[in-house]
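Here is a friendly walk through one protein model, meant to be read with the structure open beside you. Take a moment to look it over before reading on.

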Amino acid sequence: MGQETEEVVQSVSDLPVQNPPGEEFSAADLTWAKYASSEHHRDDVALIPFDRMEAFIAGESNNPECPTRFHIERGRKREEDSLREYRSDEYLLYRMYWCSFGPENYGEGGTILPSRRYRLNTRNRAARPQSMRGCTCHFAVKRLYARPSLLLIIYHERRHINKSGFICHGPLDRNAIGPGARKVPYIGSEIQQQTMSLIYLGVPEENILQTHIEGIQRYCSSDARVDTHASQYVQKLGMIIKRSTHELDLDDQASIRMWVDRNRKSVFFYQDSTETDAFILGIQTEWQLQQMMRFGHQSLLASHSSFGVSKLKYPLHTLLVFDSRQHALPVAWIITRSVTKKDTLKWMTALTDRIHSIDSTWRIGGFIIDDPASELTPIREVFACPVLFSLWHIRRTWLKNVMKKCSNAEVQREIFIQLGKIIYSIWTEKNPMDSLEQLFQDFIDQTTFIKYFKSFWVPKLEMWIESIRNLPLASQESCGAIEGYHLKLKVKAYDDVQLDALQRVDWLVHKLTTELHSSYWINLFADESGSFPEMKADYIASTSWQRALQIPDDAVIFDDKEPLVAKVVSQKDTSEMRTVWNPGSEFSICDCSWSVQGNICKHVLKVNMICGMRRDFQPSLSFQSFQHVLLGLWQKPLDDSFSLDLLVAWVMQMQEKIQHLAELVTSDGIAQVAGKLPIQWTKRRERTRAAKCTSPVVLPHSNGRSQKDLTPKRSRKRKSLSSFPGGRPPPPAAAASRFTKDLKTVGVE
């Protein structure tokens with residue numbers, strides 16, 4: 001810790017602003033003062049610029065005596081101008097950071113300390129023992145309400161000790177098991193997860209050991225002793241993973257109960273099966289929680305539902321977010337057969353409550369579903385966002401069965417194109433059922449497919465059409481990302497599996513939390529850190545959309561004589577060409593092996609990208625559904641009233657955002673778009689108040705006594721009725737507040 005002053009500060013205004021040099025700095029680089037108020041009892045505080053917050057957290061995490069990471073234990077946020085009266089330490093943003101080795105203590109009962117894992121507890125079935133050691137080190141940060149450019153750091157407990165007062169992790173921990181424990185290299189959770197992920201992916205042990213040693217060298221120097229301990233650690237961890245089993249008990253239900261008891265931090269909802277209640281198990285690891293908060297805030301959340309309905313004991317429901325490359329990341333798994341409104345509301349509420357306990361301002365921008373049987377009421381009640389519909393499932397199912405039940409290639413193409421016309425006719429004057437009857441008449445000789453379609457799809461086709469008509473459709477990029485997750489999940493779940501294991505829930509849980517979780521963790525880690533270039537390249541090209549972006553525009557060839565056909569030159573062999581029929585449609589079909597298997601291939605997506613910029617092709621289904629929504633608003637009868645003004649404001653704001661987004665996609669960089677944006681001035685009252693806050697009048701006196709806050713306060717005195725023209729009061733404050741909130745929602749100032 002840095003220097004400390006004995007004088008107790010009564011106001012934040014008396015604290016000097018400190019800005020240590022360097023990319024990172026820690027508490028040792030700051031001078032700390034004692035601060036006392038109604039909320040704080042002689043806490044150590046320091047004042048730094050708000051934009052240096054991440055530098056301070058990084059410096060504290062790299063403490064050589066106790067290397068760790070800090071997670072957000074709780075947080076709050078308030079809007080500007082929301083307080084009429086405020087103290088000097090009021091916040092705009094409040095966060096409490098806690099050492100990742102606490103506050104819970106999972107070390108009781110003989111669990112080995114994560115900082116001393118030179119040997120592993122072989123009696124523990126878990127491949128990764130919990131790292132919680134009850135560390136009480138934590139601090140809070142406040143972005144000041146009166147001075148938003150400054151950050152107040154309040155250190156509640158700066159020592160990495162447990163409740164008993166002993167150091168509980170790091171090289172100085174004396175409670176490590178075995179002689180010479182201080183000499184054992186530190187192994188953090190990130191290094192451990194990286195090693196586990198590489199083992200699950202089947203990487204050779206020599207490569208894993210080299211990567212493991214490189215990670216350890218960030219905390220200590222490398223020598224023969226460190227290499228020996230690292231080799232033993234990798235060998236024993238690999239041995240435990242290979243010997244681990246999903247069966248904690250012969251009875252599947254008892255095995256799941258045991259797993260839930262051992263992994264409470266990874267379970268956000270659990271309901272055992274009874275006569276009245278359905279079985280529900282909601283799984284979300286800490287890493288998944290972080291990614292959901294990171295990529296889900298003000299973005300899209302997608303649902304991959306009903307995986308394994310016919311094969312698994314209980315179907316799997318997955319919630320997905322889209323990372324910076326728009327790849328689908330699983331952030332929660334729900335294992336249940338119940339799709340009722342009551343049960344869906346239970347686990348959705350538990351999931352959002354877990355997030356809001358950390359960040360109360362978190363919310364999503366939209367929710368994508370892929371099943372028309374999904375309950376929409378819980379989604380709108382819990383997430384309070386628009387609901388979109390994805391066509392990836394119906395497109396994939398139709399194409400796979402067309403290829404499977406029809407042998408002639410030309411007939412396959414014609415049937416699939418006709419199926420697409422059924423969906424496209426939803427936004428025309430034609431009746432989709434007329435297109436369906438035309439399909440049955442034209443291909444009456446394809447008895448196998450017609451029998452399948454009538455028995456499986458005709459009874460529920462009306463439900464699908466209603467959902468497609470009433471909900472906005474998701475884009476082809478998001479459909480391709482969801483399909484990419486589906487294919488990866490299918491490979492991991494059904495690869496080298498015995499048939500009896502499919503009927504056990506503990507087997508599915510084991511697959512999800514080990515192999516699949518590790519696969520996505522290492523992929524995202526490789527993409528963001530650049531540690532594994534080959535793995536990063538494979539991850540980037542793991543979706544058809546990203547592979548389509550690698551195809552140059554001049555590789556797509558159109559023939560005016562054949563408007564329903566497009567050619568794509570192969571990038572591996574320029575002498576080969578792929579043919580895409582029905583270009584510009586979501587129901588295009590290609591002759592490549594990937595498309596024949598029922599997938600959305602890169603050639604179809606690339607052709608549709610080019611067709612989207614040409615006027616001689618019909619717009620995509622997602623654009624047509626969006627246009628249908630706008631036309632529905634336009635045709636809604638409205639009188640010349642306030643509602644019309646608000647509607648026009650929303651539409652204009654949405655038009656500007658879509659225009660900027662289109663420019664960003666088609667331009668070479670964000671700098672070109674940002675240069676065209678108009679200068680946005682802040683409110684005059686905020687500029688005036690900022691000038692007053694920085695003027696010498698409000699600085700503390702030289703004698704050490706702080707001056708009162710001279711910021712003008714709003715008068716809370718009620719005006720009399722006679723002070724208003726006509727003797728009528730203004731509109732209620734609640735109505736004005738709701739109007740302002742509605743405008744802020746769409747970004748109208």
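## A four-stranded sheet

Strands β16 and β17 run antiparallel and are joined by five bridges. If you want a spot to look at in this predicted model, try Ala-566, which stands opposite Val-580 in β17.

The pair belongs to an open sheet of four strands, with the order β15-β16-β17-β18 and antiparallel pairing. Which strands stand at the edges? They are β15 and β18, and each has a single partner strand, so one side of each is left without a neighbour in the sheet.

## Helix α19 and what covers it

Now turn to helix α19, residues 602-612, which is mostly covered. Nine of its eleven residues are buried: His-603, Val-604, Leu-605, Lys-606, Val-607, Asn-608, Met-609, Ile-610 and Cys-611. For a general reminder, an α-helix has 3.6 residues a turn, so residues three or four places apart point the same way.

What covers the buried residues of α19? The cover includes two helices, α14 (476-494) and α17 (544-549). It also includes the strands β15 (556-559), β16 (562-569), β17 (577-581) and β18 (589-590), the four strands of the open sheet described above.

## The annotated stretch

An unreviewed UniProt entry carries the annotation "domain: SWIM-type" for residues 575-612. Over those residues the chain is 39% helix and 18% strand. The C-alpha atoms at the two ends of the stretch are 27 Å apart.

## Cavities inside the model

How many cavities of 30 Å³ or more does the structure hold? There are four, and the largest cavity has about 120 Å³ of space. Its lining is made by 14 residues, and the closest to its centre are Leu-391, Arg-395, Gln-476, Cys-479 and Glu-586.

The elements that give two or more residues to this lining are α9 (392-405), α14, α19 and α20 (621-635). Helix α14, then, appears both here and in the cover of α19. By character, the lining of the largest cavity divides into nine nonpolar, three polar and two charged residues.

## Backbone points to check

In general, most residues other than glycine have a negative phi, and most peptide bonds are trans. Here are some places to compare with that.

Asn-582 is not a glycine, yet it has a positive phi of about 60 degrees. This residue is in the loop between β17 and β18. Is Asn-582 buried or exposed? Asn-582 is buried, with a relative accessible area of 14%, because buried means under 20%.

Gln-326 also has a positive phi of about 60 degrees although it is not a glycine. You will find Gln-326 in the loop between β11 (316-322) and β12 (328-336). Gln-326 counts as partly exposed, at 37% relative accessibility.

There is a cis peptide bond as well: it runs from Gly-102 to Pro-103, with omega near 0 degrees. Pro-103 has its place in the loop between β5 (91-99) and β6 (138-144).

## Helix α1

The strands β5 and β6 come up again around helix α1, since what covers its buried residues includes β2 (32-35), β3 (43-49), β4 (70-77), β5, β6 and β7 (150-157). Helix α1, residues 53-61, is mostly covered, with seven of its nine residues buried. Those buried residues are Met-53, Ala-55, Phe-56, Ile-57, Gly-59, Glu-60 and Ser-61.

Terms used. Residues are numbered from 1 along each chain as its sequence is written. This is a predicted model: local features need pLDDT of at least 70, side-chain atom pairs count only at pLDDT 80 or more; totals for chains, interfaces and linings use all residues. Side-chain values use heavy atoms; hydrogens and water are left out. Buried means under 20% relative accessible area, exposed over 50%, partly exposed in between (1.4 Å probe, protein chains only). Contact means heavy atoms within 4.5 Å. On a 1 Å grid over the protein atoms alone, a cavity is a set of points where a 1.4 Å probe fits but cannot get out, and a pocket is an open set with protein on both sides within 12 Å along at least five of seven lines; lining residues have an atom within 4 Å of a point. Grid points are joined across faces, edges and corners, and a volume is the space filled by probe spheres set on the points. Ala, Val, Leu, Ile, Met, Phe, Trp, Tyr, Cys and Pro count as nonpolar, Asp, Glu, Lys and Arg as charged, and the others, Gly among them, as polar. UniProt positions are given in the numbering used here, feature names are shortened, and annotations may be inferred rather than shown by experiment. Two strands pair if DSSP finds at least two bridges between them.
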